[in-house]
Amino acid sequence: MTVAVPDRDQARGRPRIGAALTYLSLVAASLVVLVPLLVVFLTSLKSYDEISDGQGALSLPDDWLNFSNYATAFTDGHLLTAFGNTAFILLFSITGTVVIGSMTAYAIDRFEFRLKRLVMALFLVATLVPGVTTQVATFQVVNSFGLFDTRWAPILLYMGTDIVSIYIFLQFIRGIPRSLDEAARLDGANSFTIYRKIIFPLLKPAVATVVIIKGITTYNDFYIPFLYMPSEELGTMSTALFRFKGPFGAHWENISAGAVLVILPTLVVFLFLQRYIYNGFARGATK
């Protein structure tokens, strides 16, 4: 009886084919992401005549130092005011999310109470329910409190609907030994002191992860600011860019310049802090 032995060349060729397909898929995914950004950037540097001539989307601009579109987008689009409103919402939303999420996770993990499993189940259900389906009731509640068309409406909604941050903090808190709590209680510390002086300082990786993810999500969100802050002076970066369709309906060079100005802050933050995002998710998944 003879046994067929696979050819060594064939065995070596399989990993090479797999690596080639892997790199090919990565290149394709990168092109899908980068090509639209490149088109927007090139368009922002072109003049109105270049856009009207019907040149290709990837055609190069005649003047690489044509920043007049950026000046027009910044001034006529009121992006400075929009950035101030966005920064105000980000500050309070992220602070509230970190405090509420970490304290909720601490209470769930460290305390035993009735209906604890039901609470966790409700958190899971809340993540599965699409937010659009509850917007009618949510809008009525916000309007009844007199918060419609104010910056506090999106702040409260961002703070109260982030179940993901609770799960992130919960994964990290479960990795903190309970012996630290017991030692602190022997020294006379109460629950809030343990949270403030022991638990929260050890949650720095989780805090960094939540701050970055929550910040980028809030910065890019369009639906809630557009629905709850219709006034032009309360516009955020996303809604200010949307309003370009009015005065600049046919001027794609100005619209593209505004898009670049909106993209830049999140791009810079992500490039500088991306390692915290990956490390935070990796550490949270292994705890």
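Biologist: Which helix is the place of T43 in?
Modeller: Keep in mind that this is a predicted model. The helix in question covers residues 8-44, and T43 falls in it, so to speak, as part of helix α1.

Biologist: Is T43 buried or exposed?
Modeller: Its relative accessible area comes out at 11%. Buried means under 20%, so T43 counts as buried.

Biologist: Leaving aside neighbours within four places in sequence, which residues is T43 in contact with?
Modeller: Contact here means heavy atoms within 4.5 Å. With those sequence neighbours set aside, the list for T43 is I51, N69, W252, E253 and S256.

Biologist: How is α4 set against α5: parallel, antiparallel, perpendicular or oblique?
Modeller: The axes of α4 (residues 79-110) and α5 (residues 116-128) come within 11 Å and cross at roughly 140°. Only angles over 145 count as roughly antiparallel, so α4 is oblique to α5.

Biologist: Which residues in α5 does α4 meet?
Modeller: On the α4 side you have T104, I108 and D109. The residues of this contact divide into three nonpolar, one polar and two charged. The α5 partners are K116, M120 and F123.

Biologist: Which helix gives the most to the largest nonpolar core?
Modeller: That core has 30 residues, and V98, Y106 and F123 are among those with the most contacts inside it. Helices α4, α5, α8, α10, α11 and α13 each supply at least two of its residues. With eight residues, the top contributor is α4.

Biologist: How many residues are in the second, separate core?
Modeller: I89, L147, Y158 and Y228 are included in it. The count for this second core is 11 residues.

Definitions and conventions: Residues are numbered from 1 along each chain as its sequence is written. This is a predicted model: local features need pLDDT of at least 70, side-chain atom pairs count only at pLDDT 80 or more; totals for chains, interfaces and linings use all residues. Side-chain values use heavy atoms; hydrogens and water are left out. Helices (H or I, at least four residues) and strands (E, at least two) are DSSP runs, numbered from the N terminus. Buried means under 20% relative accessible area, exposed over 50%, partly exposed in between (1.4 Å probe, protein chains only). Axes are lines fitted to C-alpha atoms, for helices over the stretch in contact, and angles run from 0 to 180 degrees between N-to-C directions. Angles under 35 degrees count as roughly parallel, over 145 as roughly antiparallel, 65 to 115 as roughly perpendicular and the rest as oblique. Ala, Val, Leu, Ile, Met, Phe, Trp, Tyr, Cys and Pro count as nonpolar, Asp, Glu, Lys and Arg as charged, and the others, Gly among them, as polar. A nonpolar core is a set of buried Ala, Val, Leu, Ile, Met, Phe, Trp, Tyr and Cys residues joined through side-chain atoms within 4.5 Å.
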